[in-house]
Each structure stands twice: as structure tokens, then as C-alpha cells.
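Here's a friendly walk through a structure you may not have met before. Have the sequence and the 3D view open as you read.

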Amino acid sequence: MTIMMPAADQAVLARREAIIAALRKLVPGEGVISSAAEMLPYESDGLMAYRQPPMVVVLPDTTEQVSKVLKYCHENGIKVVPRGSGTSLSGGALPLADAVLLGLGKFKRVREIDFDNRAVVVEPGVTNLAISQAVAHAGFYYAPDPSSQIACSIGGNVAENSGGVHSLKYGMTTNNLLGCEIVLMSGEVIRVGGKTAETSGYDLMGIITGSEGLLGVITEITVRILQKPETARALMIGFAEVEHAGQCVADVISAGIIPGGMEMMDKPAIHAAEAFVHAGYPLDVEALLIIELDGPGVEVDELIKRVEKIALGCGSTTCQISTSEQERLLFWSGRKAAFPAVGRISPDYLCMDGTIPRAALPLVLRRMKEMSAKYGLGVANVFHAGDGNLHPLILYDANKPGELQLAEDFGADILRLCVEVGGVLTGEHGVGIEKRDLMPEMFSEVDLNQQQRIKCAFDAQGLLNPGKVFPTLHRCAELGRVHVHGGKLAFPDLPRF
Ligand SMILES: Cc1cc2nc3c(=O)[nH]c(=O)nc-3n(C[C@H](O)[C@H](O)[C@H](O)COP(=O)(O)OP(=O)(O)OC[C@H]3O[C@@H](n4cnc5c(N)ncnc54)[C@H](O)[C@@H]3O)c2cc1C
């Protein structure tokens, strides 16, 4: 493991048996898992290069149980790591040796479907796709659609502010949330937002969204649902140069067209996806754009013609337009399966996630090619092109000594490049442990301290998901007074990792 985590509290570990016994009283039945074999599935999330067995796994199924567990942990100085489905690609749900892993997998109920208010109230363990499935019979759906939507939980989506191919037009999770119930580390339960579009006071929903399990445990979520568009059709457009595809993306947006989705794949990703799902992707192109247009039929027909013309003006070499729903889904099938497809051509890969201004795409791709040669590692690129959100997949072999480190260094250089060109370190996968130590590339000490003051307002003892997001831990009472003078660091006893 090359990323340092907070040292385990030996005093807590010495009390492990007593802690487990106390937790069993709070969550009876099969709600507490403590044997090494049964905890195995929980020792990693989607960032599988990192593993750590937790001290104990607790699986509550009511808000009251979550509240009691957190109150007990708060009073006894025990750390807690919340977990949804464990698909995080940034290590957000990675356990700690001295922490309770609090799984929300039993929170599986859709509590209310309210078509009049276009809202659905769900528990956090409900999968993203299950929300759309629950309202599909009435022609509605939940818009943010991460590629992991069959598995990832809506609680995890809120905690990571997840997006998907349709976020360009319909927004990320944050744009589709109305309210939630959160249990604070103290065990107190608060409600934020509701079914109305407007709330008074500070935008706490905005703070909770993307908080990566550091502020509270989300136990209920109210999302907005949308009516399915009358028509959706997709174009699959090939280009001989990646730059031409990048220009096409910029030209479509500047023409005032906001597609339902606009995704790009480079040659290695196209070949991997085609070999996996046989979507009919052209193999003689350097870049492929999938552009989906949705809305009333006549409008979609008109927009398809305009996009086709723009693409031709940018030098497209192939263009296919879906003529049936089946064909539209086929176009998407390769893109949606791109990650597992790349998994077939390389023993391991690291999926990076950064965002850049769209215009910087050609430069960033060129520099990535140079880095690929420098590190001697291949890279396949999949982008939410309309959002400027990159997902370079760095190919490596964990069995070759030193390759994981090389892949991580390569990834860090890509993220630094994103910041250098005016972008940001994350698109939709969160910071977790993966980008934690790169936060100072983007934020000043003042910025980071200010963000930690928010954390302190929710969790003053720093017991919720420590070691994630912030590169340096500050004790809340001392925040704002940590500075280096004459080369000497104040509060040298504070953990810095
Ligand atoms: C193949 C694949 C494709 C993916 N595609 C996408 C994509 O297109 N777009 C995208 O945005 N992401 C994508 N992801 C990443 C991942 O699916 C998302 O980040 C997802 O939102 C994580 O949800 P989860 O339930 O698995 O959360 P987990 O991995 O269990 O947890 C993620 C974080 O949320 C916190 N958390 C979870 N539940 C709660 C809760 N109830 N209360 C408080 N904190 C909580 C955890 O502590 C952790 O920090 C992909 C992942 C994979 C493996």
C-alpha cells in the first residue's frame, strides 16, 4: 500500500470483543459480522489495489439502529466508515483496521412514489437503476445514470455526487436531489430539504452531496424523477484524428445544442469495447463520438441533421444514426461496458477521473500520449466529452514489481495536468484516498482548512471516515492556528499522512 492511512488506535483494538458484544445488542440477529472469513467481501471497494479488513462489519436496517450505533461509537471514540455497494473507484469505502464498517445494504426499500410531486423517497441501499425501474410503468425515470447503475446505491451516489452519460443535459446527482435524512456522528437525526424545490437557510443539501461519508450517514433520500423523453436517437461518429472529435464536441455545444449524452472513446477503448460487446464500432478510426439527442420526435430529427452537418465540417469519416431503440442501445452498449472491456485486455487498470475545459482536450490527449511513452504503460480513454470529464484507464500488471507505483505516478501526473489546464481533480468519482494527497495541487491551505471547518461542524472528533479526502488531519479545536514557522511545524503530534 503506497497511501498512508491513520495509525490504528491500539486501545480500541484491545477492546474489540467488548465492542462487538455491545454492537450485537444494538443490531441483533445477523446484523454484526466479525469473523475474518465473513468480513472478506468488505475489505475493498472498486479501488481494488487497496485492501484492509475492518475491525467489524455492522449492517443495520433502521434509522434507529444507525443512530444507536453512531451514538455508541461517538461516546467510545470508535471510527466509522459508511459503505453502500462498495463500487467507489476512489477508495472512499476502504475500511480501517480499528473502525466499524457500517454497511447500508439492508436499506433496500422504496418508501414512497409521489407522481404528483415528481418525487420518490428511497432508502440509501436502493440501487440507482431500481429507482428508474420502480417508476418506469408510468413513463418516468431517475436521470443520473452512472455506468455502475445496476450495482451502486443511491446513498453512495449522493455521497460521491455521481454522474453518468446523461448528466450533460440532466445534471449530476446534486441537481436531482430534493431532500435527505442524515444521522450525525452523535446519533442525532436531521432532515434536510423535502419535496419542494426551494428550502430556506444554508444549502445543506449541497454540502451533504459529495461529502464522501465524512459528515453523516444518509438513511433516506428524496429524488426528483423526470418524464421519459418522447424520442431518443443516437449518432455514432468516427474521426481519423482525436482533435477533430474534440472540435466536434465544442462545435455542437457552441451551436446551442445540448445532447442528452455526448461520449468519446479513443482507439484502444473502441477496440476493447468492440471485441467485448460487438456493438458495430468502426475499427479504423482514432476517436468515436456517441451523441444522443432526445425530446419530441420532430425536434430530434432536426437536431440529428444539424449534428451530422457539424461533424462533417469537423472531418468525420463515418456516421451511423440509430433507426430503432434496439440500435440506440447497441451503440451505447460498448460505451457502457468500456471498463470491463478494458479489464479483458489488461491484468489490471487504474481508472482516473479528472475534468478539463472542453477546449483543452486535444492538448491533454497529446500530453497523455507522451506520459504513456514515459511510463511505459498503455492508456485507454473514455470521456464524458460534453462535460470535459476524462476517464483515462491506465493499464498495468500488479504482479510486476513496481508497476502499481508507476501507474499511480502516471495517474497523478494526469490529474496535475487537469489542474494545470484549468480543470479539477475530480469529475464524479470523488477524492477518497486516491486523490487525497493531490488536494494541495488544487486547494490552498486556507481553502482546505475552511473545508475542514465544515467537517468539524458535523463531526468534531473526526470519527467519520477519517483518512479520506483531506491530506492532513487537523484537530478541530486547533484549526486555523496550524502554520509552519522557522521550518518548525506546530502541533507536531497531529497525524499527517
Ligand atoms: C464499473 C464501474 C463504473 C462506474 N461508473 C461510474 C459512472 O459512470 N459515474 C460515476 O459517477 N461513478 C461511477 N462509478 C463509481 C461508483 O459506482 C460511484 O461512485 C457510486 O456512487 C458509488 O456508490 P456505492 O453505493 O458503491 O458507494 P460505496 O462505494 O459503498 O461508497 C462510496 C462513498 O460513499 C460513502 N457512502 C456510501 N453510502 C453512504 C451513506 N448512506 N451515507 C453516507 N456515506 C455513504 C462511503 O463512505 C464512500 O465514501 C463506477 C464504478 C464502477 C466499478
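## Domains along the chain

Put the C-alpha centres of domain 1 and domain 3 side by side, and they turn out to lie 44 Å apart. Keep in mind that this is a predicted model. The chain is split into domain 1 (10-103), domain 2 (110-227), domain 3 (231-338), domain 4 (346-434) and domain 5 (437-489).

## Around the ligand

Where does the ligand sit? Domain 1 and domain 2 both give residues to the shell around the ligand, so it lies between them. There are 36 residues around the ligand, and the ones that come nearest are Gly84, Gly92, Gly155, Gly156 and Gly213.

Which element gives the most to this shell? That's H6, with five residues. Strand S3 (79-83), helix H6 (154-160) and S10 each supply at least two residues of the shell. Sorted by type, the shell has 12 nonpolar residues, 19 polar ones and five charged ones.

## The sheet with S3

S3 also belongs to an open sheet of four strands, in the order S1-S2-S4-S3, with mixed pairing. Strand S1 (32-33) and S3 are the edge strands, so to speak, each pairing on one side only. S3 gets together with strand S4 (residues 99-103) in the parallel sense, over five bridges. In this arrangement, Val80 stands opposite Val100 in S4.

## S8 and its two partners

Now look at strand S8 (residues 177-183). Is it buried or exposed? Seven of its seven residues are buried, so S8 is largely enclosed by the rest of the structure.

S8 has bridges to S10 and to S9. With strand S10 (residues 217-224), S8 shares six bridges, and the two run antiparallel; Leu177 has Val223 of S10 as its bridge partner. With strand S9 (residues 189-193), S8 shares five bridges, again antiparallel, and Val183 has Val189 of S9 as its bridge partner. S8 and S9 form a hairpin with five residues between the strands, where Gly187 takes a positive phi near 100 degrees. As background, strands of a sheet pair through backbone hydrogen bonds, either parallel or antiparallel.

## A proline in a loop

Pro124 is found in the loop between strand S6 (119-122) and helix H5 (128-135). How many other C-beta atoms lie within 10 Å of Pro124? There are 25, and 20 or more is what it takes to count as buried, so Pro124 is buried.

Setting aside neighbours within four places in sequence, Pro124 is in contact with several residues, including Gly84, Gly155 and Ile218. Gly84 and Gly155 have come up before, among the residues that come nearest the ligand. As for Ala460, 336 residues from Pro124 along the chain, the C-alpha atoms of the two are separated by 24 Å.

## The largest nonpolar core

The largest nonpolar core has 125 residues, and those with the most contacts inside it are Val58, Val100, Leu288, Leu289, Ile291 and Ile394. Strand S14 (residues 287-295) gives the most to this core, with six residues. In soluble globular proteins, nonpolar side chains tend to be buried together.

What does Leu288 touch, once its neighbours within four places in sequence are left aside? Leu288 is in contact with Met236, Gly238, Met264, Met265, Ile270 and Tyr281. Val100, also listed for the core, is the residue that Val80 stands opposite in S4.

Note on methods:
Residues are numbered from 1 along each chain as its sequence is written. This is a predicted model: local features need pLDDT of at least 70, side-chain atom pairs count only at pLDDT 80 or more; totals for chains, interfaces and linings use all residues. A residue is buried if 20 or more other C-beta atoms lie within 10 Å of its own, exposed if 12 or fewer, and partly exposed in between; C-beta atoms are placed from the backbone. Two strands pair if DSSP finds at least two bridges between them. A residue is near a molecule or strand if its C-beta atom, placed from the backbone, lies within 6 Å of it. Ala, Val, Leu, Ile, Met, Phe, Trp, Tyr, Cys and Pro count as nonpolar, Asp, Glu, Lys and Arg as charged, and the others, Gly among them, as polar. Domain bounds come from an automatic or database domain assignment. A nonpolar core is a set of buried Ala, Val, Leu, Ile, Met, Phe, Trp, Tyr and Cys residues joined through C-beta atoms within 7 Å. Two residues are in contact if their C-beta atoms, placed from the backbone, lie within 7 Å.
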